[in-house]
Amino acid sequence: MGKSVAELKFNFGPMGCGKTIDLLRAAYSYEEKGLEVAIMKPAVDTKANQNIQSRIDGFERSVNYLICPGCNILEVIRRKFSKVSCVIIDEAQFLSAEQIDQLRAVTLRLGIPVTCYGLRTDRFGELFPGSTRLLAIADRLVEMDTICECGSKATMTGCFVDGKFTTKGANGAGQVLIDGATEARYVALCPRCHADYTNGVYGKEVL
Ligand SMILES: [Zn+2]
């Protein structure tokens, strides 16, 4: 018989699909049984500082650890959180591939399950480093649905800066543009609406 492996799970979806409220619910389901969880997020996410805040109900709680770029998450968990029943990562798309591999090692070497929440793609429809690695190696992939403004299933995230839709080369800052740090507004879009907005920026059919 094979040994059981603690699960590495990736819950992904566009902005506004309820990732945060699900994360808070997941943490609560452990804590109401008297079990401890460690909630972490990348330090690059300056939104709400050390807090995790749901857009749906405004509920928030503080995170246990902010992950800096280059930080070895396996070592942090080994040193500070080795007794927890679950590690929960918010905004996992911002982690490096190496850090995702360290989370894999947390499940294998420490036997602690890890649940990651994050975006699959950026506002241009391209994968983030953390999401790329999670899609490759997670034991369980859970797609979280939400609805586009047109009523179709939204799989993409679009970004409006000062009311203008942003695409690559047009308002195209880097991949990381944190909500609240500028006048950026992120919305969940279906591929059709994302393409229509993109074509509108260029004034021709590029998608
Ligand atoms: Zn749509």
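What covers the buried residues of H1? The points below take up this question first and then move along the chain.

1. The cover of H1 includes strand E1 (8-12), strand E2 (37-42), strand E3 (51-53), strand E4 (60-62), strand E6 (86-89) and strand E7 (114-118). A residue is called buried if 20 or more other C-beta atoms lie within 10 Å of its own, exposed if 12 or fewer do, and partly exposed in between, with the C-beta atoms placed from the backbone. The names H and E refer to DSSP runs numbered from the N terminus, where helices (H or I) have at least four residues and strands (E) at least two.

2. Before reading further, please keep in mind that this is a predicted model, in which local features need pLDDT of at least 70 and side-chain atom pairs count only at pLDDT 80 or more, while totals for chains, interfaces and linings use all residues. Residues are numbered from 1 along each chain as its sequence is written.

3. As for the whole, the protein chain has five helices and 13 strands, and of its 207 residues 34% count as buried. Two residues are in contact if their C-beta atoms, placed from the backbone, lie within 7 Å. Among the contacts between residues at least 6 apart in sequence, 77% join residues at least 24 apart.

4. Helix H1 (residues 19-31) has 13 residues, which at 1.5 Å a residue should span 18 Å, and its end C-alpha atoms are indeed 18 Å apart. The expected span is 1.5 Å times one less than the number of residues in the helix. The buried residues of H1 are Lys19, Thr20, Leu23, Leu24 and Ala27. These buried residues cover an arc of only 135 degrees around the axis, which puts them on the same side of H1; the arc is that of the directions from the helix axis to the C-beta atoms. On the face turned away from that buried side, H1 carries the exposed residues Arg25, Tyr28 and Ser29.

5. Arg61, which is found in strand E4, gives a view of H1 from its cover. Leaving aside neighbours within four places in sequence, Arg61 is in contact with Leu24, Asn51 and Ile52, and Leu24 is one of the buried residues of H1. Arg61 itself is partly exposed, with 15 other C-beta atoms within 10 Å. Arg61 and Ile39 are 22 residues apart in sequence, yet 9.6 Å apart in space, C-alpha to C-alpha.

6. Helix H3 (residues 97-110) can be read in a similar way, since its 14 residues reach 19 Å from the first C-alpha to the last, close to the 20 Å expected at 1.5 Å a residue. Its buried residues are Gln99, Ile100, Gln102, Leu103 and Val106. Seen down the axis of H3, these fall within an arc of 155 degrees, so they line one face of the helix. What covers them includes E1, strand E5 (65-67), helix H2 (73-80), E6, E7 and helix H4 (129-137). H3 is followed by Gly111, whose phi is positive, near 70 degrees.

7. How do the helices beside H3 lie against it? H2 and H3 pack at an angle of about 40 degrees, with their axes 8 Å apart; axes are lines fitted to C-alpha atoms, for helices over the stretch in contact, and angles run from 0 to 180 degrees between N-to-C directions. That makes H2 oblique to H3, given that angles under 35 degrees count as roughly parallel, over 145 as roughly antiparallel, 65 to 115 as roughly perpendicular and the rest as oblique. H3 and H4 also pack at an angle of about 40 degrees, with their axes 8 Å apart, and are therefore oblique to each other.

8. Two residues of H2 deserve a separate look. Glu75 lies in helix H2 and counts as exposed, with 11 C-beta neighbours inside 10 Å, while Glu75 and Gln102 are 27 residues apart in sequence and 8.6 Å apart in space, C-alpha to C-alpha. Lys80 is also found in helix H2, and with 12 C-beta neighbours inside 10 Å it counts as exposed.

9. Glu91 lies in the loop between E6 and H3, and its phi is near 55 degrees, a positive value in a residue other than glycine. With 24 C-beta neighbours inside 10 Å, Glu91 counts as buried.
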